[in-house]
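Visitor: I am new to protein structures and would love a close look at just one part of this one. Could you pick a spot, show me what surrounds it, and then explain how it fits into the rest?

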Amino acid sequence: LVTGCLKSPLRVYIADPNPVMKMSLRSVVSCAGLLVALLGFSACGGGDEGSTKPPAKVPSSSAKVPNGPAKAPAGAKTPAKTAPSGGSGGVDRAAMVALFKEWPKAPDAGNRTSKARVALGNKLYHDKTLSAGGDISCASCHAVDTYGQDNKKTSPGTRGAAGERNTPTSLNAFRQFAQFWDGRAATVEQQATMPILTPNEHGIQDEAELIAAVKKNAEYEPMFKKAFKRDADNPITIKNIQMAIGAFERKLITVAPFDQWLDGDDSALSADQKKGMAEFVSVGCATCHMGRGLGGSDFKKLGDKVPFETEDIGRAKITKNDSDKFMFKVPMLLNIDKTAPYYHDGSIATLEEVVTDMAKYQLAKELTDAQVQSVLSAEMPIAKRTALAKLCQTVGDFPTFDKRSQPGQAAFAPLGGC
């Protein structure tokens, strides 16, 4: 699909509490990633330092999720069956920008991403002592240097406990309208401690045990006091643990040429990538994977047109409503070529399979090999790991983290591009 829109080596920023970025939080799946939109279903998974707003409510699967300008242009409720033509490279740029410009309407957690709070969150995110066996941390499943996940079908928990679902990436996760495959948390802050308190994940029994585990490390108290000045008398609380980890995750931002193109640089994408984008829309991928995140803005039924065999009933496991059976959050496709395997159960290994399957189960369409390759990339040989290689050659290496935000830790080394 887009021979590279998304395939760019991602850029992660976490050091500056108020980074000045030309395109914040924009790592778009390389066009190949876009193509994967078909995939349909891809974390855990100075001032008023302590102020926060009330926790956002978990989105209802029956509620209409606003997408703002990210929706199709006025007069077209769903993407046209024929790809927009004309304009840049044979693509209607205005229509495409209207469809993909905006991020999902993510709940506001009222979190301040100060340097102190981000540094604390980073330490907590990588702390294995916050697990029953002292053997896993958030980063064990959501490793930042492997694109916020672990490339495993499902992730093992403490002492080898079996996981139930594929680990979503933590990169750009805060931009979504809800967290987890079933949307049971509204924000990354609410999500932060849930895995820690889950038996087959971190295995900490309750909040009291978690607080005790944090307090055992003498380094934490001064860091909490600095990050949450209003709570200096009692800084180590569940709420503050959540806010600190959330602040760190809100700095896990990636940027790709697709973002540059959406923001006005028409030269950021090649003619073939633009054609791939048009194919992405024409096939119907953008029906679910719309907006700058190419997803992350709604729940959809897995097997909407053709039944999909799975024992996982999705959101219904949380809501107990039959109407939510097989409903899953539509995953964003950012850096999708880096986060295999795919689906909620990690059952699919390649993007080619994903595109083919999603066309079948979600759209009741049987794509030809040529269509699949067009969506993935008309120029990349099938032997390549993904269709993002060409783009990777133009954007540089995986960036390092700023050491200022990594107290006591070395900055991550570049991965050497693709």
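Guide: Let's look closely at helix H7, and then step back to the chain around it.

A word on the ground rules: this is a predicted model, in which local features need pLDDT of at least 70, side-chain atom pairs count only at pLDDT 80 or more, and totals for chains, interfaces and linings use all residues. Residues are numbered from 1 along each chain as its sequence is written, and side-chain values use heavy atoms, with hydrogens and water left out.

The protein chain has 14 helices and 2 strands; these are DSSP runs numbered from the N terminus, where a helix (H or I) needs at least four residues and a strand (E) at least two. Helix H7 covers residues 220–227, and its buried residues are Tyr 220, Met 223, Phe 224 and Ala 227. Here, buried means under 20% relative accessible area, exposed means over 50%, and partly exposed is in between, with a 1.4 Å probe and protein chains only. If you look down the axis of H7, the buried residues fall within an arc of 100°, so they line one face of the helix. That arc is taken from the directions that run from the helix axis to the C-beta atoms.

What covers this face? The cover of the buried residues of H7 includes helix H3 (115–125), helix H6 (207–215) and helix H8 (238–249). One residue to find in helix H6 is Val 214, which counts as buried at 0% relative accessibility. Leaving aside neighbours within four places in sequence, Val 214 is in contact (heavy atoms within 4.5 Å) with Leu 124, Leu 130, Tyr 220, Phe 224, Ile 236 and Ile 241. Two of those names, Tyr 220 and Phe 224, are also among the buried residues of H7. You can also locate Thr 237, which is 23 residues from Val 214 in sequence, with 9.5 Å between their C-alpha atoms.

Now for the rings. A pair of aromatic rings is described by the distance of the centres and the angle of the planes. Rings of Phe, Tyr and Trp (its six-membered ring) pair if their centres lie within 6.5 Å; planes under 30 degrees apart are stacked, over 60 edge-to-face, and the rest tilted. By this rule there are 9 aromatic pairs. In one of them, Phe 177 and Phe 299 have ring centres 5.0 Å apart and planes at 70°, so the pair is edge-to-face. This pair links distant parts of the chain, 122 residues apart: Phe 177 is in the loop between helix H4 (138–141) and helix H5 (188–192), and Phe 299 is in strand S1 (residues 299–301). Phe 177 and Phe 299 are both buried.

Back in our helix, the rings of Tyr 220 and Phe 224 have centres 6.0 Å apart and planes at 65°, so they too are edge-to-face. These two are 4 residues apart in helix H7, which means about one helical turn separates them. Tyr 220 is buried at 0% relative accessible area, and Phe 224 is buried at 0% as well.

Stepping back, buried residues make up 56% of the 418 residues in the chain. The largest nonpolar core (buried Ala, Val, Leu, Ile, Met, Phe, Trp, Tyr and Cys residues joined through side-chain atoms within 4.5 Å) has 38 residues, and those with the most contacts inside it are Met 96, Phe 100, Trp 261, Phe 280 and Tyr 342. Its largest share, 6 residues, comes from H12. Apart from it lies another core, of 32 residues, including Ala 116, Leu 130, Leu 171 and Leu 252. Leu 130 is a name you have met, as a contact of Val 214.

Finally, a note on confidence. The mean pLDDT, the predictor's confidence in each residue from 0 to 100, is 76 for the chain, and 68% of the residues reach 70 or more. Over residues 378–418, pLDDT is below 50, and residues 61–87 stay under 50 too.
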